[in-house]
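User: I would like to go through the labels attached to this structure and see what each one rests on. Take them in turn, please.

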Amino acid sequence: MEPLRQCLALAQKQLLLQWRTRARLGSVGVFGVTALLIFSFAVGPDSTALKAHAAGYLWLALLLMSTLSLQEAARLDVQNGALEALVLLPVDGRAMYYAKALVNTVTLGALGTLLIPVVVALYDAPMKEGPLLLLAVVWLGSAALVAPGTLYAVLTSRARAGDVLLPLLLFPLVVPALLGAVKATEVVMAGDPMGRASSWIGLIVAFDAIYWSLCGLLYPLLLED
Amino acid sequence: MKLMPAVGALGVFLLVVGSWIGLFVAPADRFMGDIQRIMYVHVPSAWTTMVCFTVSLVAALGWVYGVVRPAKDGQRSWGWDDALESSIEVGVMFGALLVMQGMIWAKPTWGVYWTWDPRLTTVAVMELMFVAVLALRSFVDEPVRRATWSAVTTLVAYVNVPLVYFSVRWWSSLHQVQSTSDSIDPEIWRPLGINAFGFLFVAIAFMGLRTQVARLTRETLLAGDDVGPSAGGAR
């Protein structure tokens, strides 16, 4: 139970840090809204096309926001050698990963939740299967982006040109999760008479299971040096 | 390592023989005609890419094992990192060939250079993931850190590789289901097999020589590091 206790204590510390730097996270939220607005200019004022692609825009905005929020979370750790100090403590490396990934999921999930009304307002997106299912997709998808993202952010934040490296490493990797999330969101928005939502949600859950396990195992290796 | 040029030469010889049979001896496909002959390089490219990335997985696991269970004398198994660097580079090269040949084949067959077929998309994604590992390596200077980080990112990326192979079965697809030696004519199978070994030997030679280059580069850099600070910061 010791790693679990450590994980919760670290998550509490991370959440407190996120709360104290909430102005930065607010900026990430505003960036998301700006991105949603900009996507409309790429398509033009065709309200039918915008409505049809609303799910894709939501996830593109979330993907772009994820790199900013992950980088921000990793920056707080690397700054002033905080990570090195943490490594010196008798803390399980996996507990560090899961605490960080948990808080990153909460952050991104919350930002995604805030984007839903913006998508509804901007693109006139329907929610035929109800908001609860959409929320579930947003949170599961956020967890999928965060699992490898947390691993990579701690690595790129200590490399040269880390800002470029994080999306370079993360974007191709999360393609299956992104595909599942966009398709599931599309189905939840437009209605699901064929019952396709469960298979797409299944894909996101499988991605979550694989990468939350694998990245948790690998994270301690990055703290070895 | 002295064997490598000979292995490469054997690979080139097999490629010439296989391609000659594929182009001039094997019959044209009943439906696609001569266009189908690109298969004799396309399919071996796919197999070789997979072999290279699998070698990189083994190298990554080898390095990670050395981190988890360090040697008693404290020596690092640098050979794994050299093999990782070379196999990813060669794999990326064959992967790029694979994508380009696929696009050349797709245009007359499907009418477009690119289609969002799951296997095409997954190969492109896989290629980008390994290119990202190479990019990461170029931005990290400290050798131990670079080796561990590239091993970790390779392991994470490789999880995607089975998706490439099985995606055609998981999703409905425009891409044809993989053929086996039982389902294709021996006249077609023969040049394909020869070219597959040709590509394999060329890839082995490239990986062997590139591993040597990686080892020499690392040794030079490490020797430079040893000389620099101990020489009273003369650099």
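Analyst: Two residues are in contact if their C-beta atoms, placed from the backbone, lie within 7 Å. The model is a predicted one. With that cut-off, the contact between the chains takes 19 residues from chain A and 22 residues from chain B.

User: What makes up the side of chain A that touches chain B, by element and by class?

Analyst: Elements that give two or more residues are α7 (131-156), α8 (162-173), α9 (175-190) and α10 (197-222) of chain A. By class, that side has 16 nonpolar, no polar and three charged residues.

User: Why does B:Leu136 count as buried or exposed?

Analyst: The cut-off for buried is 20 or more other C-beta atoms within 10 Å. B:Leu136 has 24 C-beta neighbours inside 10 Å, so B:Leu136 counts as buried. This leucine is found in helix α4 (residues 118-139) of chain B.

User: Which residues does B:Leu136 touch, leaving out those up to four places away in sequence?

Analyst: In chain A, B:Leu136 touches A:Ala159, A:Leu165 and A:Leu169. In chain B, the partners are B:Trp149, B:Ser150 and B:Thr153. B:Leu136 and B:Trp149 are 13 residues apart in sequence, and their C-alpha atoms are 8.2 Å apart.

User: Why is A:Asp124 called buried or exposed?

Analyst: Exposed requires 12 or fewer neighbours. A:Asp124 has 12 C-beta neighbours inside 10 Å, so A:Asp124 counts as exposed. Its place is in the loop between α6 and α7 of chain A. A:Asp124 also has a positive phi of about 55°, although it is not a glycine.

User: How do you know how α2(A) and α4(A) are oriented to each other?

Analyst: Two packed helices are described by the angle between their axes and the distance between the axes. Helix α2 (residues 22-43) and helix α4 (residues 54-78) of chain A pack at about 155°, with axes 9 Å apart. Angles over 145 degrees count as roughly antiparallel. Therefore α2(A) and α4(A) are roughly antiparallel to each other. The contact includes A:Phe31, A:Gly32 and A:Ala35 of α2(A), and A:Leu60, A:Ala61 and A:Leu64 of α4(A). By class, the contact has 12 nonpolar, two polar and two charged residues. The crossing is right-handed.

User: Why do α6(A) and α10(A) get the label they have?

Analyst: Helix α6 (residues 93-123) of chain A and α10(A) cross at roughly 125°, and their axes come within 8 Å. An angle of 65 to 115 degrees would be roughly perpendicular, and one over 145 roughly antiparallel. The angle here falls in neither range, so α6(A) and α10(A) are oblique to each other. This crossing is right-handed. A:Gly93, A:Arg94, A:Met96, A:Tyr97 and A:Tyr98 in α6(A) meet A:Cys215, A:Gly216, A:Tyr219 and A:Pro220 in α10(A). Those residues divide into six nonpolar, two polar and one charged.

User: What is the secondary structure of chain A, and why is the chain called as compact as a globular protein of its length?

Analyst: Chain A comes to 10 helices and zero strands. Its radius of gyration is 18 Å, close to the 17 Å that the globule rule gives for 225 residues, so chain A is as compact as a globular protein of that length. The C-alpha trace spans about 55 × 35 × 30 Å along its principal axes. Of the 225 residues, 46% count as buried. Among contacts between residues at least 6 apart in sequence, 84% join residues at least 24 apart.

Technical notes
Residues numbered from 1 in each chain as written. Chains lettered and ligands numbered in written order. Predicted model: local features only at pLDDT ≥ 70, side-chain atom pairs only at ≥ 80, totals over all residues. Axes fitted to C-alpha atoms, helices over the stretch in contact; angles between N-to-C directions. Helix = DSSP H or I, 4+ residues; strand = E, 2+ residues; numbered from the N terminus. Parallel < 35°, antiparallel > 145°, perpendicular 65-115°, else oblique. Left-handed = near helix turned anticlockwise from the far one by under 90°. Nonpolar A, V, L, I, M, F, W, Y, C, P; charged D, E, K, R; others polar. Rg over C-alpha atoms; globule rule 2.2 N^0.38 Å.
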